[in-house]
Amino acid sequence: MRQAIQAIVEYFPDTPILPVIGNNDVIYHDQAPNAKIAPDYYTDTWQLMFEEVPGNAEIAANETVKATWMKGGYYAYDLADDIVVISLNGMYPFYENFEDPEIATEMIEWVGDVLDDNPDKHFITQTHVFFGNNFYKNLEILWNTTYTDSILKKMQPHQDRHILSLGAHIHHVQLMAPESSAVENLQMVQVISPAVSPIYMNNPGFGEFTFNSETHVENLVFRFFQTEDYQRLGVINFIEYD
């Protein structure tokens, strides 16, 4: 984990790098850290992801951010005066997780508090395992339905300030407009990012976009490394989609 983070730091030495916890980041695959290991786990990841990242020095000094990270690996960070990034630990509400799922409820209540307490700020949410569906062999509802409905209910009254929700986990791009039988009139867009790992025979990729509190998202672009070109010809080549 340290090597992966420092590889990003090498190219973005002074840029805040806002981490989220994924299903391969904990000792037990697809499980949130249990109560026994959680204190050490969150202490170690705080050091790796914040204290050792130069661009995160301001975040590392923020006791409010540290408190929620130590509680469950989630936090809010003011990216600008009028924009807050809400980073969620999607492992607790993940349908495959059995460890301390009650933290998911606490986290979602906290999201509601953040949105209520910052009525003048637009917001981005980010999580690895996202609140939505995926089809892999069969239909997966990635967050247990109770938690999906709950967070959408927290976000919907504030959706005029919603810039974007970001997810990952499924190793390919999806552009999603959430629908819910429990929450009406959703108008929030969710972008699921590509993966840097080619484990599912996908070309490694990344996305970039510009945004602000007035026009929200602009210039969304994905770039994909052409693995076959490199393997066969030794050519470094990217294909771009916008």
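This report describes a three-stranded sheet, the salt bridges, the largest nonpolar core and one loop residue in a predicted model.

## The three-stranded sheet

Strands 9, 10 and 11 form an open sheet in the order 9-10-11, and their pairing is antiparallel. Strand 9 (205–212) and strand 11 (238–241) are the edge strands, each of which pairs on one side only. Direction ignored, neighbouring strands of this sheet are turned against each other by 20° on average.

Seven bridges join strand 9 to strand 10, and these two strands form a hairpin with three residues between them. Within this pairing, G205 has F224 in strand 10 as its bridge partner. Strand 10 (residues 216–225) also pairs with strand 11, in the antiparallel sense and over four bridges. Here F222 stands opposite Y241 in strand 11.

## A salt-bridge network on the sheet strands

The count of salt bridges comes to six. One of them joins R223 and E240, whose closest N and O atoms are 3.0 Å apart. This pair links distant parts of the chain, with R223 in strand 10 and E240 in strand 11, 17 residues apart. R223 counts as partly exposed at 23% relative accessibility, and E240 likewise counts as partly exposed at 45%. Through salt bridges that share partners, E208, R223 and E240 are joined into one network.

## Salt bridges elsewhere in the chain

R2 forms a salt bridge with E52, and the closest N and O atoms are 2.9 Å apart. Because R2 lies in helix 1 and E52 in the loop between helix 2 and helix 3 (57–60), the pair ties together parts that are 50 residues apart in sequence. R2 is partly exposed, with a relative accessible area of 42%; E52 is also partly exposed, at 24% relative accessibility.

A salt bridge also connects D78 with K121, with 2.9 Å between the closest N and O atoms. D78 belongs to strand 1 (residues 75–80) and K121 to the loop between helix 5 and strand 3 (122–126), so that the pair links distant parts of the chain, 43 residues apart. D78 is partly exposed, with a relative accessible area of 40%. K121 has a relative accessibility of 15% and therefore counts as buried, the cut-off being under 20%.

## Nonpolar core and a loop residue

The largest nonpolar core has 60 residues, of which F50, W69, I86, L88, W110, W143 and I151 touch the most other members. Helix 5 (residues 102–117) gives the most to this core, with eight residues.

I37 lies in the loop between helix 1 (2–11) and helix 2 (38–51). At 19% relative accessibility, I37 counts as buried. Its C-alpha atom and that of N138, 101 residues apart along the chain, are separated by 32 Å.

Definitions and conventions. Residues numbered from 1 in each chain as written. Predicted model: local features only at pLDDT ≥ 70, side-chain atom pairs only at ≥ 80, totals over all residues. Heavy atoms only, no water. Buried < 20%, exposed > 50% of the residue type's maximum accessible area, 1.4 Å probe, protein only. Pairing = 2+ DSSP bridges. Axes fitted to C-alpha atoms, helices over the stretch in contact; angles between N-to-C directions. Core = buried A, V, L, I, M, F, W, Y, C linked by side-chain atoms within 4.5 Å. Salt bridge = Lys/Arg side-chain N within 4 Å of Asp/Glu carboxyl O.
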